[in-house]
Amino acid sequence: MAVCIAVLLGWNVWLTYKINGSGNTMPAEEQASETSGSTTVVNNTVTGYTTDLTSMVSSVQEQLVSVKVMDEEGSVVYEQTGSIYNAERDGCWILTSAEHLPEHTLQVVFYNGISVDAEPAGFDMQNDIALLLCHPEFEVAELSLGDSSLVKQGEYVVIPGATQVRTQNGSVSFGVASMPAQLLSTGGEERSWMSSVLTTDAVLARDCNGAPLVNLSGELIGMMSSRLSTLSSTYGMNAAVSVNEIRHAAEQIMQNGSVERGYLGVVGKDVSSLETYQKSALNMTLDTLDGVLVVDCAADSPAASAGIQAGDVISSIGETKIASLSDLVDFLYTCTPGQEAEINIIRSGESIAVKAVLG
């Protein structure tokens with residue numbers, strides 16, 4: 001009996017030494033996990049994640065403004081959100097939705113609560129883009145720009161709204177991004193354009209029309225548009241014009257006060273994104289490594305009139321190589337309506353040149 005008691009005491013001493021003694025090399029975080037249980041670990045993870053997200057939303061608030069749309073009597077008829085797009089070119093340039101702005105008096109209310117008169121610098125109605133110009137007498141910070149071509153399907157995105165005058169509050173919604181898409185858009189009597197958009201399941205509150213769509217780094221990757229969301233209702237999601245599209249339009253507005261480009265009317269896809277079996281199914285040679293695969297042509301578009309068909313690959317326009325859809329968009333922004341373009345396509349392995357008069 002005495003031997004058994006001695007053995008048990010010795011075993012207890014050894015365990016105590018292993019748990020509390022110098023032999024314990026387990027990191028502090030892991031000790032907490034094992035001694036406190038998995039609930040503590042889960043709570044810490046959720047709390048840390050939420051803190052990161054709320055901190056990001058808080059960090060972009062100073063780059064947002066409330067846009068007050070007023071009638072002739074000075075009454076506010078509509079409020080929406082805008083972003084400080086540029087603060088270096090002779091004033092402060094505000095990016096927002098163009099839908100409700102023409103023929104109205106405009107004011108922007110900054111994060112500090114100060115209202116400043118604003119004038120439209122220019123519109124791109126097809127993309128629902130407006131740039132407003134104002135001159136605040138205090139320093140402002142512009143929103144960081146991301147790259148919409150890097151957005152991945154399922155990536156978390158946030159729509160932060162500015163503080164609205166009527167409610168002294170702003171809405172925030174959270175969701176995921178879908179793949180970038182192309183959307184045939186027209187601006188009333190204006191020419192058509194194939195807009196580059198991002199879609200998301202995040203809720204688009206009324207005060208968030210014109211608000212930025214941001215990634216978890218707080219970078220602008222798109223601008224929310226209730227108008228484009230309506231046009232893209234078949235996706236079952238809300239739409240934002242992509243920041244890469246915005247860059248082109250905003251640069252022209254800041255320089256010229258308007259946007260001019262050539263419309264071709266193709267829905268395209270990068271050849272570089274295709275798998276081998278997809279190329280074979282499309283009767284495409286496997287050594288075709290880049291270019292734009294034409295998925296569809298808009299009815300009565302310059303592309304359709306030129307004889308371009310679904311399944312064709314646009315490889316170049318004139319002397320300009322077209323390796324991707326972004327190359328095609330870049331080129332079209334250098335063109336003017338009515339300009340003739342010689343488009344080189346590959347159809348069933350054969351190179352063909354067609355001429356299109358851009359819209």
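**Exercise 1. Decide from its relative accessibility whether Gly-154 is buried, partly exposed or exposed, and then describe its surroundings.**

Solution. Gly-154 has a relative accessibility of 41%, and in this predicted model a residue is called buried under 20% and exposed over 50%. Because 41% falls in between, Gly-154 counts as partly exposed. The next step is to place the residue along the chain: Gly-154 belongs to the loop between β6 and β7, the latter covering 156-160. The last step is to look for partners beyond the neighbours within four places in sequence, and there Gly-154 is in contact with Val-176 and Ala-177. From C-alpha to C-alpha, Gly-154 and Ala-177 are separated by 5.3 Å in space, although they stand 23 residues apart in sequence.

**Exercise 2. Work out in which order the 6 strands of the barrel follow one another, and trace the pairings from β1 to β6.**

Solution. Strands of a sheet pair through backbone hydrogen bonds, in either a parallel or an antiparallel way. Here the 6 strands close into a barrel in the order β1-β2-β3-β6-β5-β4, with antiparallel pairing. From one strand to the next, the twist averages 40°.

Begin with β1 (residues 64-70), which pairs with β2 in the antiparallel sense over 7 bridges; Val-69, for example, has Tyr-78 in β2 as its bridge partner. The hairpin of β1 and β2 has 5 residues between the strands, and in this hairpin Gly-74 takes a positive phi near 85°.

Continue to β3, which is joined to β2 by 3 bridges and runs antiparallel to it, with Leu-95 in β3 serving as the bridge partner of Ser-83. These two strands also form a hairpin with 5 residues between them, where Asp-90 in the turn has a positive phi of about 50°.

Finally, strand β3 (residues 92-97) pairs with strand β6 (residues 129-134) over 6 bridges in the antiparallel sense, and Thr-96 finds its bridge partner in Ala-130 of β6.

**Exercise 3. Explain why strand β2 is described as largely enclosed by the rest of the structure.**

Solution. Strand β2 spans residues 76-86, which makes 11 residues to consider. Of these, 9 are buried, and therefore the strand is largely enclosed by the rest of the structure.

**Exercise 4. Classify the ring pair of Tyr-156 and Phe-174 as stacked, tilted or edge-to-face, and do the same for Trp-193 and Tyr-333.**

Solution. The structure holds 3 aromatic pairs, including the two discussed here. For Tyr-156 and Phe-174 the ring centres are 5.0 Å apart and the planes meet at 40°. Since planes under 30 degrees apart count as stacked and those over 60 as edge-to-face, this pair is tilted. The pair links distant parts of the chain, with Tyr-156 in strand β7 and Phe-174 in strand β8 (residues 172-176), 18 residues apart. Tyr-156 is partly exposed at 39% relative accessibility, and Phe-174 is likewise partly exposed, with a relative accessible area of 39%.

For Trp-193 and Tyr-333 the centres lie 5.4 Å apart and the planes stand at 75°, so this pair is edge-to-face. Because Trp-193 lies in strand β10 (residues 192-200) and Tyr-333 in the loop between α8 (325-332) and β18 (340-347), the pair ties together parts that are 140 residues apart in sequence. Trp-193 counts as buried at 2% relative accessibility, and Tyr-333 counts as buried at 6%. To complete the picture around Trp-193, the charged end of Arg-261 sits over its ring, 4.5 Å from the centre.

Note on methods. Residues are numbered from 1 along each chain as its sequence is written. This is a predicted model: local features need pLDDT of at least 70, side-chain atom pairs count only at pLDDT 80 or more; totals for chains, interfaces and linings use all residues. Side-chain values use heavy atoms; hydrogens and water are left out. Two strands pair if DSSP finds at least two bridges between them. Helices (H or I, at least four residues) and strands (E, at least two) are DSSP runs, numbered from the N terminus. Axes are lines fitted to C-alpha atoms, for helices over the stretch in contact, and angles run from 0 to 180 degrees between N-to-C directions. Buried means under 20% relative accessible area, exposed over 50%, partly exposed in between (1.4 Å probe, protein chains only). Contact means heavy atoms within 4.5 Å. Rings of Phe, Tyr and Trp (its six-membered ring) pair if their centres lie within 6.5 Å; planes under 30 degrees apart count as stacked, over 60 as edge-to-face and the rest as tilted. A charge sits over a ring if NZ of Lys or CZ of Arg is within 6 Å of the ring centre and within 35 degrees of the ring normal.
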